[in-house]
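Please go through this note with the model open beside you. The points are short and can be taken one at a time.

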Amino acid sequence: MKFNEKLKEYRKIFGLSQEKLAEKLNVSRQVITKWENDIGLPEISNLKCVAKLFGVSVDYLLDEERNIEYPILREEIILDKNNYSNRYDYVVSYLKKEYADQGSIYALTELEKENSKLTEITNFLTFGISNLSYITEWISSPAIWFVVEMEKQNLIVKATKNLIEIRELSSVVDTNKFTFDKTKLLKLKNKI
């Protein structure tokens, strides 16, 4: 598979328009169109940015013998304290900006959390009431999770302290409980 085919396929997997991909790579939409139509290759610096964004190597992007791998869209979390008080607010804002027009976004929680904490988190997300210590613990946990449900595919989102990772789920999530990467997750009821 050629670079142009991989780029287009990755862009579609993550529901990115050419404009949104161009914005993430700091190039013009016309450049993305050129690359996807196999009219030239990106400069090395741009290839590195594409590889970093999709969690693959430059070698992989250029190797025509290798087909599409399961990509991971990776973006740094840079908290602007003037606009976002915590990681959760930043990630929710990011997901709404990127995916609100393409599907539904739900927060997830790990099932290993104590039921009382799960109840507090659910109450907070549903009704806005809670013992804030539980919410603070959830927001500051090593990872917070979301699922983006789109018409033909679902994306799983994991946000750690400094990074947002988005992957395509291999199957559509049709239940509220599921396992991803050995982590048992529960989808909270209300859309974000």
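The points below cover confidence, aromatic contacts, charges over rings, one helix, the largest pocket and two single residues.

1. Confidence. This is a predicted model. The protein chain averages a pLDDT of 81. Of its residues, 82% score at least 70. Confidence is highest in H3, at 96. Helix H8 (residues 132-139) is where confidence is lowest, with a mean of 50.

2. Aromatic pairs. The count comes to four aromatic pairs. One of them joins Phe3 and Trp35. This pair is edge-to-face, with 6.5 Å centre to centre and 70° between the planes. Phe3 belongs to helix H1 (residues 3-13), and Trp35 to helix H3 (residues 29-36). The two residues are 32 residues apart, and the pair links distant parts of the chain. Are these partners buried or exposed? Phe3 has a relative accessible area of 5%, under the 20% cut-off, so Phe3 is buried. Trp35 counts as buried too, because its relative accessibility is 3%.

3. A stacked pair. Phe14 and Phe54 are stacked. Their centres are 6.0 Å apart and their planes differ by 10°. Phe14 sits in the loop between H1 and helix H2 (18-25). Phe54 is in helix H4 (residues 44-54), and 40 residues separate the two along the chain. This pair also links distant parts of the chain. Phe14 is at 0% relative accessibility and therefore counts as buried. Phe54 is at 0% as well, so Phe54 counts as buried. Which residues make up the aromatic cluster? Tyr10, Phe14 and Phe54 form it.

4. Charges over rings. The charged end of Lys6 sits over the ring of Tyr60. The distance to the ring centre is 4.1 Å. Lys187 lies over the face of Tyr106, at 4.6 Å from the ring centre.

5. Helix H6. This helix runs over residues 87-99 and has 13 residues. At 1.5 Å a residue, H6 should span 18 Å. Its end C-alpha atoms are 18 Å apart, so the expected span and the model agree. The buried residues of H6 include four tyrosines: Tyr88, Tyr90, Tyr94 and Tyr99. Val91, Val92 and Leu95 are buried as well. So much for the uncharged ones; Arg87 and Glu98 are also on the buried list.

6. The largest pocket. Its volume is about 500 Å³. The lining holds 19 residues. Which of them lie nearest the centre? They are Lys24, Leu53, Arg74, Glu75 and Glu76. The elements giving two or more residues to the lining are H2, H4, strand E1 (72-76), H6 and strand E5 (163-168). H6 gives the largest share, five residues.

7. Leu188. This residue lies in strand E7 (residues 183-191). Its relative accessible area is 6%, so Leu188 is buried. Lys177 is eleven residues away along the chain. The C-alpha atoms of Leu188 and Lys177 are separated by 9.5 Å.

8. Thr160. This residue is placed in the loop between strand E4 (154-159) and E5. Thr160 is at 25% relative accessibility; buried means under 20% and exposed over 50%, so Thr160 counts as partly exposed. Where does Ala143 stand relative to Thr160? The two are 17 residues apart along the chain, and their C-alpha atoms are separated by 4.5 Å.

Note on methods. Residues numbered from 1 in each chain as written. Predicted model: local features only at pLDDT ≥ 70, side-chain atom pairs only at ≥ 80, totals over all residues. Heavy atoms only, no water. Buried < 20%, exposed > 50% of the residue type's maximum accessible area, 1.4 Å probe, protein only. Expected span 1.5 Å × (residues − 1). Phe/Tyr/Trp six-rings, centres within 6.5 Å; stacked < 30°, edge-to-face > 60°. Lys NZ or Arg CZ within 6 Å of the ring centre and 35° of its normal. pLDDT = per-residue confidence, 0-100. 1 Å grid on protein atoms, 1.4 Å probe; cavity = no way out; pocket = protein on both sides within 12 Å on 5 of 7 lines; lining within 4 Å. Points joined across faces, edges and corners; volume = space filled by probe spheres on them.
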